[in-house]
Amino acid sequence: MRHLYGMALASVMTLVMFFAGAWGYERLLRLPVPTGSPAALPAGGGSLLSSHAVLYAVAAVAATGVLAGILVAAPRISPLAPGLPGLLLIGWTVLYLYRVQPATDLIPLKSYAFGAGWEALLFNGILAAVGLAMIVPLFIPSRWRSRQDDMTDAEAGEASDYIADLKRTASSAAPTQFIPAGFSAPTARPSAMHLLRRSGPAADL
């Protein structure tokens, strides 16, 4: 069930990357530049905080990054949630390196900002970098186990340690003799050989 939720989150992550991340990236590529100087800085080198379009684009890209970071870092989330979108991005980049035209033909809504931004992310290699980061949880064994399995392993380890401590305590403890109050500990009786020696001829001397 946990991995089924992870597959659902993977679908959500893919949609967020395409409709939010790609859209925001495409908007940031079209920052206003003063006319007459191609190398001029956006907004003439001034502040961009007054531009609502820039703020919305940054917010979309930041939200995409935060969601991807949560899926990658949260140990309770299935590794399929970030891993499947990461494999998709890597596969798309490999196809782009092998054949550019089929890779670009697969991009939907290229006439809109979503598709144009996705195409720019693909051409700039950002999809490959993000995909490599998102597949890291797939190679962490603890991410494939649920929290209940981890608790069972911890309880089994504690039980085995407790049994081992009991065995060490039982083997190291010496048996004690109970002596009631008012009585002294009985002295050891002489052995039969010792009695024979004392009753022999040498004893009479």
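This is a short talk on one protein chain, its helices, a surface patch, a pocket and a few single residues.

Good morning. First, a caution: this model is predicted.

Let's start with the fold. The chain has 9 helices and 0 strands. Read from the N terminus, the order of elements is α-α-α-α-α-α-α-α-α. The chain has 205 residues, and 24% of them count as buried.

Now the surface. Which residues form a nonpolar patch there? They are Met1, Leu4, Tyr5, Met7, Leu84 and Leu87. Together they offer about 650 Å² of accessible area. Two helices each supply at least two residues of this patch: H1, which spans 2-29, and H3, which spans 80-98. H1 gives the largest share, with 3 residues.

Take two members of the patch. Met7 sits in helix H1. Is Met7 buried or exposed? Neither: its relative accessible area is 42%, so Met7 is partly exposed. Buried would need under 20%, and exposed would need over 50%.

Leu84 is our second member, and it lies in helix H3. Its relative accessible area is 34%, so Leu84 is partly exposed. Leu84 also has a partner to look at, Ile135. In sequence, 51 residues separate Leu84 and Ile135. In space, their C-alpha atoms are 7.5 Å apart. Find both in the structure above.

Next, the pocket. How do we look for empty space? A probe the size of a water molecule is rolled over the atoms, and that shows where space is left. In this model, the largest pocket holds about 240 Å³ of space.

What lines the largest pocket? There are 14 lining residues. Gly21, Thr64, Leu121, Ile126 and Val130 lie nearest the centre. Four helices each supply at least two residues of the lining: H1, H2 (52-73), H5 (113-123) and H6 (126-134). So H1 appears twice in this talk, because it supplies at least two residues to the patch and at least two to the pocket lining.

What about the chemistry of that lining? By class, 11 residues are nonpolar and 3 are polar. No charged residues are found there.

Last stop: Leu109. This residue lies in the loop between helix H4, 100-105, and H5. What is its phi angle? Leu109 has a positive phi of about 55°, although it is not a glycine. Its relative accessibility is 37%, so Leu109 counts as partly exposed.

To recap: 9 helices and 0 strands, a nonpolar patch on the surface, and a largest pocket lined by 14 residues. Thank you.

How values were computed
Residues numbered from 1 in each chain as written. Predicted model: local features only at pLDDT ≥ 70, side-chain atom pairs only at ≥ 80, totals over all residues. Heavy atoms only, no water. Patch = residues over 30% accessible without salt bridge, like charges linked within 9 Å, V, L, I, M, F, W, Y side chains within 5 Å. Areas by Shrake-Rupley, 256 points an atom, 1.4 Å probe, with all protein chains shown as cover. Salt bridge = Lys/Arg side-chain N within 4 Å of Asp/Glu carboxyl O. Buried < 20%, exposed > 50% of the residue type's maximum accessible area, 1.4 Å probe, protein only. 1 Å grid on protein atoms, 1.4 Å probe; cavity = no way out; pocket = protein on both sides within 12 Å on 5 of 7 lines; lining within 4 Å. Points joined across faces, edges and corners; volume = space filled by probe spheres on them. Nonpolar A, V, L, I, M, F, W, Y, C, P; charged D, E, K, R; others polar.
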